[in-house]
Amino acid sequence: MRSVISCLVLGSQALHVLAYSGSGGKAEKTANARDAKAPSYHANAGVLQYVNPKIGTYGISPDDNGGMIPSVSVPFGMTRWTPQTRENYISQVPYHDADAFVHGFQATHQPAIWMGELGQVVLTPGWSREVKPLFEQRGLAFRKEDEASTPYVYEVLLDADTEGEHDWDLTEQAAGGGPVPGGAGSAPDNVRDGANGRIRKRDSTEGNYTHNIQAAMSASAHTSYLRFDFEGTRNYRTRDSVQPYVSIQVTRQNWTGQVQIDPERNEISGSNPQRQDYRLGPDRANSFRSYFVSRFSEPFTSYGTSLGANVLDGTTNASGELLGAYVKFHPGTRRVEVRTAVSFVSIEQARKNLDIESPDDTSFEDMVENAKSAWLEKLGRVTIEGVNSTDEEHDPRTIWYTALFHALQYPNDFSEPTGGEANSARTFYSGYTDSVHESNDSYYQSWSIWDTYRAEHSLITFFAPERVNGMMRSLLQIFDWTGRLPMWANMVETNIMVATNADAVLANAISRGFRSFDIQKAWTAVRKDAYEPPENDTELLYYDREPDTSYEARAGLTSYMDHGWVDNDRWSESASRTLDYAFNDAACAVVARAAGKEDEAAALEKRAKNYATIWNAETQFMRARNENGTWANETWGWTEGDKWVYTFDVLHDVDGLAELITGGRHGMKAKLDEHFDWGHNMHSNEPSHHVPYLYSLIGYPSSAAERIRDLAWDNYNATSAGLSGNEDLGQMSAWYVFSALGFYPVNPAGDEYVIGTPFFEKVTLRLPAGATPGGEVGVNNQSERTLVIEAPGATAKPYVRALSVDGKSVDTPTLRHADIVNAHLIKFEMSETPTGWGEDGEL
C-alpha cells in the first residue's frame with residue numbers, strides 16, 4: 001500500500017534479530033495463568049491457540065511495521081477493538097508493542113497504517129481520586145507478561161496507581177495530524193534504525209502492583225464487551241475516597257462531537273465525526289458520524305463530562321472538541337462490565353446493534369465463546385501436521401494461522417442488522433451518497449485493491465466463498481453510485497495508489513466460478529475503466545495523495561490509448577501505470593468474455609501486450625517514456641518500487657516477457673538471479689510478491705523453491721516484529737498462506753496457481769460448501785469437501801520431485817482453481833536436492 005516514506009532495500013538478515021515475542025499465540029500462556037482464581041476463557045480454543053494477534057505490531061518506522069493491532073472482532077467485522085497505547089493517525093495505528101502504557105480500549109475503523117481513522121471511541125478504566133480525561137493523563141502501566149491476546153479475548157493487568165503524564169508525543173496533536181493531515185501531501189524520508197527495526201525490547205519489571213485493574217475485552221461485529229476487575233492488596237476501606245470509574249473519549253482536537261449520559265439506563269451515548277482522510281478523493285461524506293452506546297453493569301454514583309482537561313461534574317450533555325464523559329461507581333465495587341455498540345447510522349441503530357448482538361442477559365463469557373466460535377468456524381477448518389521443529393518465535397503454525405486470521409478481517413462488512421434473524425434486512429451508511437440505505441445484502445468497505453488483488457481475494461474464494469458474491473455486488477453498488485469502481489476506498493474513494501485493479505478482483509471471482517452478481521454491469525464498469533479517461537486527465541499529474549481530485553481511475557489513459565504507454569512528462573508514476581494498465585486490460589478481457597463480448601475481449605487481450613512499449617531492449621529493463629517516445633530517467637515513473645521489480649511486473653504474460661529478454665527464459669532466469677542475489681527484491685512491498693514464482697513459469701521450479709523458503713524465513717516470524725512490511729489488509733499474510741500450501745496466484749485475473757514449495761507435510765482443509773459452486777451454498781447438492789495436501793518430508797526437503805492430483809500426475813508447475821477445490825488429494829513428492837520436475841515450465 002502507498003506510504004509516503006521512501007522505500008529502502010531490507011537486509012537479508014532482517015529477521016534474525018527478533019523483537020520481544022510477547023504473550024498471545026498460545027492461549028495457555030495468558031496473563032491469568034499466574035492466578036488460579038482468575039477466570040479462564042481459553043477452553044476449547046483449538047487451533048486458535050496458534051494465533052498471535054500481536055504479530056505485525058512492532059517496527060521502527062511506519063514502513064517496517066506490520067501496521068496490525070491485537071484486535072478483537074469477528075471475521076470481516078465492521079469494528080475492531082484494540083488496546084490503545086498511542087493515538088492513531090495516517091502512519092500510526094493505535095497500538096505498538098514497544099509501548100508501556102495502555103490509555104484505553106478503542107473501537108477502530110482504521111483499516112491500515114497508511115489510511116485514516118473513522119469515528120473512533122475510547123473507553124478507559126480508572127481508580128483514582130480525580131478523573132483523568134486526557135490521553136497523556138490516563139495511561140496505566142502494564143507489563144508484557146501480564147498481557148494476553150487472542151482472536152476472541154484480550155487481557156491485560158493494569159497498574160491502577162500509575163502517576164504522572166505519559167506518551168503525549170504519541171498523540172495526533174503532538175504529530176500535527178501526522179505526516180499527511182487530511183490524507184493529503186507527502187511525508188519526509190524516514191531513516192530506518194537497526195536491522196529493519198527488529199531489535200530486542202526492554203525487559204519487564206518485577207513485583208506486584210498495589211492496586212490493579214484486570215481488564216478483559218471481547219467483541220462481535222458491531223459491539224464490544226469490556227470487563228474491569230478492580231483488585232488491591234490492602235483493605236478496600238483504605239481507599240474509600242477513591243472510586244472506580246470509566247471515562248470515554250468521544251472526540252479529539254478539531255472535531256466536534258456530542259455525548260449524553262443517561263443514569264436511568266446506565267448508558268453513555270454519543271457521536272464522533274472524525275474522518276482523517278477528508279482531503280482525499282471527490283466524496284465529501286459531510287454528514288458522516290460514528291455513533292456509540294455504552295451500557296454499564298453497575299449504577300452510577302456520579303458522572304460528568306469533559307472538554308479537554310476541564311471536568312464538568314454532574315453534567316449529562318455536552319458537545320465540543322476533545323470531548324469526553326465519565327461515570328463513577330461505589331468505592332467497594334469490584335467489577336464493572338460495559339457493553340458498547342458502534343453504528344455509522346444513528347444512536348438508535350447503535351442501541352439496536354447492542355440489543356441484537358449483546359442483549360442484557362449476555363454474559364462476558366457468552367461474548368467470548370461467540371467470538372471464539374466465529375473464528376473457529378474459519379480457522380478450525382484447517383489441520384496442519386508435520387512442521388519444522390523450531391523455537392516458539394518461528395513456529396510456522398503460529399505464522400500460518402495468524403496469517404489466515406489477518407487475511408479474514410478484510411474487507412469489512414459495514415452493514416448493520418435490523419433484526420435478530422439471519423435473513424433480516426441490513427442497513428448501512430454510504431459516504432458516496434452521504435445517506436443511509438437498507439438492503440438484504442451486506443455492504444463491504446475497506447478496499448485496498450492495489451495490494452489485495454494479488455492474493456487476498458483468491459484466498460477469500462477458498463476460506464470465505466459465501467462472501468465473495470456479496471463483495472462483488474458491493475463493488476458494483478459503488479459503481480452505480482459514482483460511475484467508477486473503487487481504487488482504495490476507506491468509507492469513500494481516496495484515489496490512493498494507481499490503476500483500476502478492481503477489474504482484476506471481478507475477473508478473479510468470475511474465473512473461479514462466482515457469478516451471483518450482475519456480469520453485464522461488471523462489464524460496463526470495467527469497460528469504462530479501460531476506455532474512459534478520468535476527468536481532467538490531461539490537466540492533472542495525479543501524484544501521490546493529490547488532494548481534492550475527482551475519481552482517478554486510470555490517470556494517463558489518454559496517452560495510453562493513443563500510443564500504448566502513459567507519458568512520464570505528463571503523469572506521475574507513468575511506467576508503473578503502463579504495466580498495470582496492461583494487466584488491467586487482461587483482466588477486463590476476462591470480464592468481457594464472461595459477458596459474451598468476444599470481440600471486445602480479443603481487443604483487450606491485444607492491448608494487454610502494451611507492457612512491451614516500455615521495454616528498453618538496450619538496457620534490458622522496463623523504463624518510463626516521454627510523450628515523444630524518448631526514454632525518461634530510469635529512476636522515474638515507479639510506484640513503490642524500481643526498474644528491477646517492475647521489469648518482472650507482467651503477471652498475465654510471463655512467456656511474452658521472457659521473449660523480450662535476451663536469451664529468453666534462460667536470460668530471464670539469470671536476471672531473476674541477479675534481482676535476488678544483489679538485494680533488489682523487497683518482499684515488504686507487494687510488487688515483489690509474485691516474483692519468486694516466475695522461476696517456475698519459465699522452467700526453474702527448484703529455483704523458485706529456494707527463493708520462496710528464503711523469503712518466508714526472512715520476512716515472517718511469530719513475534720510482534722513478524723511482518724517485514726505493512727500487512728495491507730491481508731496481502732502480506734495471503735502470500736504466506738498460499739506459499740505454505742505450495743502454490744500462489746501469479747495472475748489473479750485468471751484461475752491458475754503456480755507451484756512453489758509446500759512448507760508442511762500434511763494439511764487437511766475442510767472447504768466450505770460454497771468453495772466449489774461459486775459461493776452458492778446448496779447448489780447441485782454441493783456440501784463441504786475435504787482436501788488433503790500431502791508433502792512427506794517437506795520440512796527438510798524443499799524441492800518438488802513429483803506432483804499428482806487424485807492420483808493423476810501433473811508435469812507442469814501449475815494448477816487450476818477447479819483442480820484444487822474439486823480434489824480430494826494433492827500429493828507432492830519432495831526432494832532434498834534440486835530436481836528436473838516441471839523444467840519445461842509454461843514456455
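**Entry 1: charges.** I count Lys and Arg as positive and Asp and Glu as negative, leaving out His and the chain ends. On that basis I looked up the charge distribution of this predicted model. The chain carries 74 positive and 115 negative charges, and I find their mean positions 2 Å apart.

**Entry 2: the chain as a whole.** I next examined the secondary structure, which comes to 19 helices and 37 strands. The radius of gyration is 26 Å, close to the 28 Å that the globule rule gives for 843 residues, so I record the chain as being as compact as a globular protein of that length. Along the principal axes, I note that the C-alpha trace spans about 85 × 60 × 55 Å.

**Entry 3: surface and contacts.** I looked up burial and found that 67% of the 843 residues count as buried. The chain exposes about 27,200 Å², of which carbon and sulfur atoms supply 45%. I then took the contacts between residues at least 6 apart in sequence; 74% of these join residues at least 24 apart.

**Entry 4: Glu 267.** I turned to a single residue, Glu 267, and located this residue in strand S12, which covers residues 267–272. Is Glu 267 buried or exposed? I enter Glu 267 as buried, because its relative accessibility is 3% and the cut-off for buried is under 20%. I found a polar contact of 2.9 Å between the side chains of Glu 267 and Arg 295. Setting aside residues up to four places away in sequence, I list Gln 260, Ile 261, Asp 262, Val 293, Ser 294, Arg 295, Phe 300 and Arg 351 as the residues that Glu 267 touches.

How values were computed. Residues numbered from 1 in each chain as written. Predicted model: local features only at pLDDT ≥ 70, side-chain atom pairs only at ≥ 80, totals over all residues. Heavy atoms only, no water. Helix = DSSP H or I, 4+ residues; strand = E, 2+ residues; numbered from the N terminus. Buried < 20%, exposed > 50% of the residue type's maximum accessible area, 1.4 Å probe, protein only. Polar contact = N/O pair within 3.5 Å; in protein donor to acceptor, adjacent residues only side chain to side chain. Contact = heavy atoms within 4.5 Å. Rg over C-alpha atoms; globule rule 2.2 N^0.38 Å. Areas by Shrake-Rupley, 256 points an atom, 1.4 Å probe, with all protein chains shown as cover. Charge placed at Lys NZ, Arg CZ, Asp CG, Glu CD.
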